[in-house]
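Here's a structure to get to know. Let's go through it by asking how each label is earned.

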Amino acid sequence: MEEELSEIPISWISEYAYCKRRFYLRYVECVDIRSADMVEGRYEHRIVDDRHITRRGPHITVSRLYVASKKYRIYGFCDNVEFDEKPLKGAFIDFLEGVYTIKPAEFKHGKVRHENEFEQQLCGQVFCLEEMYNTHIDYGLIYYVDSKDRLEIEMSDDLRQQTSITIASIRDDLGKMYSGNRVDKIFPVKYQRRCEKCALFDVCSPKKIAVDTYMKKLWAKGCKNDSNR
Ligand code: SF4
């Protein structure tokens with residue numbers, strides 16, 4: 001019988017959606033190799049690691065807010081959550097004693113770009129906030145620290161579905177692994193364009209594995225004897 005993993009961190013959603021193999025190496029094998037980009041990103045992240053609340057009129061921002069969902073069994077921190085006072089739309093927020101719309105914001109290193117794994121991570125935060133505040137959230141934000149751009153991400157049905165599938169797949173794959181299934185089958189190495197930028201490229205060796213697999217397939221078909229040599 002497969003073991004069921006209870007709660008999973010929201011940050012796993014992004015890593016798994018990026019590459020299942022990388023997820024396995026980072027969170028199961030605990031390979032902690034960081035690229036220069038990632039170290040820079042970690043440094044920039046200190047803006048939100050320092051916990052604070054700011055207010056500009058009806059707009060309140062809370063940094064590093066802990067969120068969780070019982071339905072999806074996920075938990076984690078939002079870098080920022082923005083509350084906007086909108087008496088006719090939104091949720092009642094106890095500590096602000098008023099009705100506010102809610103928007104989580106995730107901080108990322110680099111210049112503005114659409115990355116599906118970031119959007120799924122944000123959607124995981126939305127799942128938690130919606131459940132905690134019994135509300136519906138239309139948009140989240142990804143803030144790119146280098147270019148100082150804010151990308152508004154619509155919480156579409158499609159994105160919601162992708163995210164819930166990712167959460168279920170993480171649980172399913174780890175369950176299979178803990179039940180003794182072969183890791184290379186569950187978290188396969190697959191060379192893709194993004195491998196060239198991956199910090200775990202040397203540990204993972206996707207090109208070598210692709211060549212090995214090719215040769216194994218040829219070998220399985222049968223090796224001809226070359227009598228001319
Ligand atoms: S090198 Fe490629 S396959 Fe390997 S972990 Fe990185 S992205 Fe995934």
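**How the labels are earned**

Just past helix α9, Gly222 has a positive phi of about 115 degrees.

Q: What kind of model is this, and how are residues numbered?
A: It's a predicted model, where local features need pLDDT of at least 70, side-chain atom pairs count only at pLDDT 80 or more, and totals for chains, interfaces and linings use all residues. Residues are numbered from 1 along each chain as its sequence is written.

Q: How many helices and strands does the protein chain have?
A: There are 9 helices and 8 strands. Helices here are DSSP runs of H or I with at least four residues, strands are runs of E with at least two, and both are numbered from the N terminus.

Q: What makes the span of α9 close to the expected one?
A: Helix α9 (residues 206-221) has 16 residues and reaches 23 Å from its first C-alpha to its last, against 22 Å expected at 1.5 Å a residue. The expected span is 1.5 Å times one less than the number of residues.

Q: Why is α9 called hardly covered?
A: A residue is buried if 20 or more other C-beta atoms lie within 10 Å of its own, exposed if 12 or fewer, and partly exposed in between, with C-beta atoms placed from the backbone. Among the 16 residues of α9, the count of buried ones is 0. Across the protein chain, buried residues make up 26% of the 229 residues.

Q: Why does Tyr144 count as partly exposed?
A: Tyr144 has 18 C-beta neighbours inside 10 Å, so it falls in between the two cut-offs and counts as partly exposed. Its place is in strand β7.

Q: Which residues does Tyr144 touch, leaving out those up to four places away in sequence?
A: Tyr144 touches Lys108, Gly110, Lys111, Val112 and Asp149. Contact asks for C-beta atoms, placed from the backbone, within 7 Å. As for Arg113, it is 31 residues from Tyr144 in sequence and 8.5 Å away in space, C-alpha to C-alpha.

Q: How do you know that β7 and β8 pair?
A: Two strands pair if DSSP finds at least two bridges between them. Strands β7 (residues 139-144) and β8 (residues 149-154) are joined by 6 bridges, so they pair, and they run antiparallel. Tyr139 stands opposite Glu154 in β8. The hairpin has 4 residues between the strands, and Lys148 takes a positive phi near 55 degrees there.

Q: Where do the domain bounds come from, and what are they?
A: They come from an automatic or database domain assignment, which divides the protein chain into domain 1 (8-178) and domain 2 (192-221). Their C-alpha centres lie 32 Å apart. In the contact between them, 8 residues of domain 1 meet 5 residues of domain 2. On the domain 1 side, the largest share, 3 residues, comes from α2.

Q: Which residues are closest to the ligand?
A: They are Cys19, Arg22, Cys195, Cys198 and Cys204, out of 13 residues that surround the ligand. A residue is near a molecule if its C-beta atom, placed from the backbone, lies within 6 Å of it. Helices α2 (20-27) and α8 (201-204) each give two or more residues to this shell, and α2 gives the most, with 3 residues. Each of the two domains supplies at least three residues.

Technical notes
Contact = placed C-beta atoms within 7 Å.
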